[in-house]
Amino acid sequence: MRNYLLRRVAQAVFVLWAAFTLSFLILYLLPGDAVSAKLAGGEAGSSTTPEQLAAARAEYGLDSPLPVQYLKRLVSALHGDFGRSVATGDDATHMVVTALPPTLAVTSLALVFAVVFGGGSAFLGTFTRFRWLRQALLSLPSLAISLPPFWVGLLLIQFFSFRLRLLPALGTQGFAALILPAITLALPTGAIIGQVLAKSLATQQEQPYAEIAAAKGASRWRVHFGHLLRNAAVPTLTVAGVVAGNLVAGSVITETVFSRDGVGRVTAAAVTAQDVPVVQAVIVLAALVFVVLNLIVDLLYPLLDPRIARTPEAVARG
């Protein structure tokens, strides 16, 4: 178990380093930069002199060679410092951390909705004896994953906010303001979870142990819930860890549609302004969320199947 944990932690550290490095290269190799965009759009306009531009680039460390910039930013990032926002002058890390709580609130609720929607449709769809109900339930994930999130968000606002007046359309205040954005985020995530779980449950139903358990007198509920679901949960957990990490990325669209404060709106503004420190802080944050979720999933695997944590040598020894 210790070796298994060390391997997973090492992989997590590598993913974070790769996310930082790739984002640095991509962002800094793009044409133009935030300093030029800021000076060109400021009061100085076209009157900005080359000397002023060079001084501004030196202030943000953009005048150094690329390898030097990379090493400086990597060392600073290891201490949680991603530099100052070029657009606002605020600390990039502070901007992202301050915007994180509203995003975590909506993504956490979205994850709960996704598990309930995806897991419920898959479990009931493979459990029911009614063919029409099974087909209806198992077709829901395919329908949900095909709907564009921004369209779903606008449709929910139109129906639940403008027509029924049950839930607020915009804003960040209160639990009620979380529901519509969370549903918008949850539909594609829950659809993927539902598809994988339904396929895994259907595969497990054909295994001999399911017939043996039923032959020993176990009820359909006990076989389905106590035996099939546990074995089907392993591939589902893998997919759930991946798609749950994408919720932070999906918040960009959702927070824009619902005018919510959060990391999504900070990201959209930073990308528009070519604000590299803020964008890179968001990318590393998203990678950190992805890594932590998948590390948690990896640690849950041995609880479902203890053989996963055993090395090939241990398995060979029996």
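I will talk through a nonpolar surface patch and the aromatic ring pairs in this structure, which is a predicted model.

Let me begin at the surface, where Phe150, Trp151, Leu154, Leu155 and Ile253 make a nonpolar patch of about 490 Å². The largest share of that patch, 4 residues, is contributed by helix H7, which covers residues 149-163. Phe150 itself sits in helix H7, and because its relative accessibility is 46%, Phe150 counts as partly exposed.

Now to the aromatic rings. How many aromatic pairs does a search of the whole structure find? The search finds 7, and one that I would like to show you is formed by Phe123 and Trp221, whose ring centres lie 5.4 Å apart with their planes at 80 degrees, so this pair is classed as edge-to-face. This pair links distant parts of the chain, since Phe123 belongs to helix H5 (residues 92-127) and Trp221 to helix H10 (residues 220-245), with the two positions 98 residues apart in numbering. As for accessibility, Phe123 counts as buried, at 10% relative accessibility, whereas Trp221, with a relative accessible area of 47%, is partly exposed.

Another pair joins Phe159 and Phe160, and here the ring centres are 5.0 Å apart and the planes stand at 90 degrees, so this pair is edge-to-face. Phe159 is partly exposed, with a relative accessible area of 40%, and Phe160, at 26% relative accessibility, also counts as partly exposed.

Finally, please find Phe20, Phe24 and Tyr70 in the model, because these three residues are linked by ring pairs into a cluster.

Notes: Residues numbered from 1 in each chain as written. Predicted model: local features only at pLDDT ≥ 70, side-chain atom pairs only at ≥ 80, totals over all residues. Heavy atoms only, no water. Patch = residues over 30% accessible without salt bridge, like charges linked within 9 Å, V, L, I, M, F, W, Y side chains within 5 Å. Areas by Shrake-Rupley, 256 points an atom, 1.4 Å probe, with all protein chains shown as cover. Salt bridge = Lys/Arg side-chain N within 4 Å of Asp/Glu carboxyl O. Buried < 20%, exposed > 50% of the residue type's maximum accessible area, 1.4 Å probe, protein only. Phe/Tyr/Trp six-rings, centres within 6.5 Å; stacked < 30°, edge-to-face > 60°.
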